[in-house]
Amino acid sequence: MRSYGMIILALIAGISCKNVASEDRNDENEVKAEGIVYEEYSGEEPTTPEETELYQPVPPKVDPFENNGVPSDAEVLFNGSSFDQWMMVRDSSEVVWHLNEDGSMTVKDKTGDIRTKKNFGDVQLHLEWRSPAEVERDGQNRANSGVFLQGLYEVQILDNNDNDTYVNGQVASIYKQHIPLAMASVPSGEWNSYDIIYRAPEFNEKGLKVKSATITVLHNGVLVQDHVEIKGTTPYIGWPKNVAHGKGPIKLQDHGDNSRVSFRNIWVRELQE
């Protein structure tokens with residue numbers, strides 16, 4: 001049998017643990033009651049406007065329309081003149097897609113995806129794309145392509161005009177992960193635009209993801225993805241994967257079904273924290 005002394009000690013320990021747990025809960029409640037606190041706005045409150053005025057750092061000047069509507073600090077990836085910034089994904093060879101007289105390019109069926117020669121992390125990306133005016137097939141086989149950030153995370157391109165499909169695979173979806181907030185496509189055969197703000201994922205020294213990628217997408221100026229979390233790769237079959245990686249290319253897809261998607265006016269701005 002236990003001695004009375006041991007029983008009393010156990011009771012005291014139990015009460016102490018309960019008190020500590022209760023104090024922890026009280027601390028949590030205090031934090032919740034206090035809400036978000038900004039350290040730089042704590043302490044004695046300023047009494048003059050000058051005390052809250054900052055003059056450094058001075059933001060760099062950017063001309064938003066310097067180069068035919070392209071921001072002055074942007075890198076032009078395709079302006080219709082050549083494929084100099086691109087290569088084939090399969091073997092890093094020269095691009096064999098169609099270079100059109102109107103300053104666009106069109107997927108050459110069954111030749112494979114293309115990617116930028118340069119790798120990127122956090123970016124603002126602008127591109128314009130067009131489905132064929134001559135509508136063929138339906139579902140996922142009508143003007144299907146995609147733009148992949150870091151070569152891994154797809155924003156879907158598809159002609160969804162009078163063409164229903166699974167909504168997490170429709171136009172402007174983050175493929176198989178996020179349904180767009182709206183379907184903002186123009187009529188088939190006209191030019192669509194995507195403006196994308198992308199923040200890359202982060203991995204620790206063990207190769208574990210410690211911060212997810214996020215993406216915001218405007219389709220023809222309409223917000224369709226609002227700073228959503230990318231939960232991993234965007235495969236056709238299976239779950240998202242999160243293998244550690246660094247910067248990666250921007251990739252455009254050849255869906256292999258004669259989708260005949262065209263692209264033009266592609267530029268990117270690398271973003272800083």
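This is a short tour of the structure, stop by stop, for use in a viewer.

**Whole chain**

Start with everything shown. The model is predicted. Colour by secondary structure: the protein has 15 strands and one helix. Of its 273 residues, 40% count as buried. The accessible surface comes to about 16500 Å². Carbon and sulfur atoms hold 52% of that surface. Now think about contacts with a separation of 6 or more. Residues 24 or more positions apart account for 64% of them.

**Confidence**

Colour by pLDDT next. The average for the protein is 91, and 88% of the residues score at least 70. Then select residues 6-13, where the pLDDT is below 50. Beyond near neighbours in sequence, this stretch has one contact in the model.

**Histidine 126**

Select residues 123-130. This is strand 6, and histidine 126 is found in it. Is histidine 126 buried or exposed? Its relative accessible area is 9%, under the 20% cut-off, so histidine 126 counts as buried.

Show side chains here. Histidine 126 makes a side-chain polar contact of 2.9 Å with glutamate 128. Another, of 3.5 Å, joins the side chains of histidine 126 and asparagine 265.

Which residues does histidine 126 touch, leaving out those up to four places away in sequence? Select Ser193, Tyr194 and Asp195, then Asn265, Ile266 and Trp267.

**Strands 12 and 13**

Move to residues 213-219, which form strand 12. Add strand 13, residues 222-230. The two strands pair in the antiparallel sense, over six bridges. For a position to centre on, pick threonine 214: opposite it in strand 13 stands glutamate 229.

Follow the hairpin round. Two residues lie between the strands. Click asparagine 220, which takes a positive phi near 55° in this hairpin.

**Isoleucine 230**

Stay on strand 13 and select isoleucine 230, which is found in this strand. Why does isoleucine 230 count as buried? Because its relative accessibility is 2%, and buried means under 20%.

Show its surroundings. Leaving out residues up to four places away in sequence, isoleucine 230 touches Tyr153, Ile174, Gln177 and Tyr198. Lys209, Ser212, Ala213 and Ile215 are also on its contact list.

Finish with a distance. Draw it from the C-alpha of isoleucine 230 to the C-alpha of histidine 178: the model gives 8.5 Å. In sequence, these two residues are 52 residues apart.

Definitions and conventions
Residues are numbered from 1 along each chain as its sequence is written. This is a predicted model: local features need pLDDT of at least 70, side-chain atom pairs count only at pLDDT 80 or more; totals for chains, interfaces and linings use all residues. Side-chain values use heavy atoms; hydrogens and water are left out. Helices (H or I, at least four residues) and strands (E, at least two) are DSSP runs, numbered from the N terminus. Buried means under 20% relative accessible area, exposed over 50%, partly exposed in between (1.4 Å probe, protein chains only). A polar contact is a pair of N or O atoms within 3.5 Å; within protein, one must be able to donate a hydrogen and the other to accept it, and residues adjacent in sequence count only if both atoms are side-chain atoms. Contact means heavy atoms within 4.5 Å. Accessible areas come from the Shrake-Rupley method with a 1.4 Å probe; for residues, only the protein chains shown count as cover. pLDDT is the predictor's confidence in each residue, from 0 to 100. Two strands pair if DSSP finds at least two bridges between them.
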